[in-house]
Amino acid sequence: MSLTQFQIKEITYKTFQKCIEIRTDLYYLIITKSFGPRIIFFGPNDKCNLLFQDNHDVFRMNNANHHKIFQNDAWHCYGGHRLWASPESIYTYAPDNQPIEVKLKNNKLCIIAPKLPVVNLKIKWEITINPGNIEIKHTIVNQGNKQVELAVWALTQMAPQGVAIFKLNDADTGFLPNRKLVLWPYTRLNDPRLFLGNKYCSLKMDPNNQTPIKLGFDYRIGQAIYLLNNYKFTISYLHDDTGHYPDGGCSCETYTNQHFLEIETLSKLVQLKPKHSITHVETWKLERISSRIGSMQSDDDIAKIFSNN
């Protein structure tokens, strides 16, 4: 894809201040520049956003210990796509409210954020605009003077009323188990939003259900899908079968409440030495599909979606 095949410009967008807007024939993208980075808009055009936006700043870290550690600078959700370090702790919520550096080179957008306070981590993104997809290369650099154990944790908050679907590991391992399902304390397996089949799993986003639910997988297939408004949003990544992953072995996690649904992908855990970095890559693809997609609460319904990938 050449530069003439997509448009890029700086805009002021809602409450998010300065942003970068990217338009191609297949999708429309907005990336924050005044803070973050966040991808706060991804869709086929500027009227259909598949991502959740926290326009009213509802979600922020208000914990007293957090304010003490970070000198009263709050962490804000903002919505959309973001990058964290796992395992989750109070330090995960290091505020990222400062302007970021954005450079364009051919079809690549290079984003560098200031060093996160206290945790001494630096975030870099490289977003490649391809003809049929975008590739997001997430990098975390240890700028402290101590080795830290962490994994790259890429989270995408989806707009309401869609459904996330996953294909379960299906390797023939004989007498040995072939998959992990990791549950959080508040997760109920009889939750009506959750379907667990023999081959597939789905989780619906229901604005009328206030109970949170989260689960994770040792997800060797490396491909999660969100269905919304006749669109299929596929997030792909590589799972390392030899790697040690956070949260009991999860390379993919999903969470929902009454506001949004998250698809979260993770790199393997590493002992990150000072001045060293770790990278995790996601590929995003957007497709229009038939309006008759079924309930997504049966293996047969979900298989039809995955068979087209």
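Contact is taken here to mean heavy atoms within 4.5 Å. In this predicted model, E264 lies in strand β19, which spans residues 261–266. With a relative accessibility of 1%, E264 falls under the 20% limit and therefore counts as buried. Apart from neighbours within four places in sequence, E264 is in contact with W153, A154, L155, K214, S251, C252, E253 and Y255. Two of these residues are also joined to E264 through polar contacts between side chains: W153 at 3.2 Å and K214, likewise at 3.2 Å.

The C-alpha atom of E264 is separated by 19 Å from that of L189, a residue 75 places away along the chain. L189 belongs to a nonpolar surface patch that also comprises L181, L183 and L196, with a joint accessible area of about 330 Å². Within this patch, L196 is placed in strand β13, formed by residues 194–196. The relative accessible area of L196 is 37%, a value between the limits of 20% and 50%, and L196 is therefore classed as partly exposed.

In the interior, the largest nonpolar core contains 67 residues, and those with the most contacts inside it are I31, I39, F42, I127, I165, Y226 and F233. A second core, separate from it, has 10 residues, including I11, C19, Y28 and F41. When residues up to four places away in sequence are not counted, I31 touches C19, I20, I22, R38, I39, L109, I111 and I127.

Note on methods: Residues are numbered from 1 along each chain as its sequence is written. This is a predicted model: local features need pLDDT of at least 70, side-chain atom pairs count only at pLDDT 80 or more; totals for chains, interfaces and linings use all residues. Side-chain values use heavy atoms; hydrogens and water are left out. Patches are made of residues with over 30% relative accessible area and no salt bridge: like charges are joined within 9 Å, nonpolar side chains (Val, Leu, Ile, Met, Phe, Trp, Tyr) within 5 Å. Accessible areas come from the Shrake-Rupley method with a 1.4 Å probe; for residues, only the protein chains shown count as cover. A salt bridge is a side-chain nitrogen of Lys or Arg within 4 Å of a carboxyl oxygen of Asp or Glu. Helices (H or I, at least four residues) and strands (E, at least two) are DSSP runs, numbered from the N terminus. Buried means under 20% relative accessible area, exposed over 50%, partly exposed in between (1.4 Å probe, protein chains only). A nonpolar core is a set of buried Ala, Val, Leu, Ile, Met, Phe, Trp, Tyr and Cys residues joined through side-chain atoms within 4.5 Å. A polar contact is a pair of N or O atoms within 3.5 Å; within protein, one must be able to donate a hydrogen and the other to accept it, and residues adjacent in sequence count only if both atoms are side-chain atoms.
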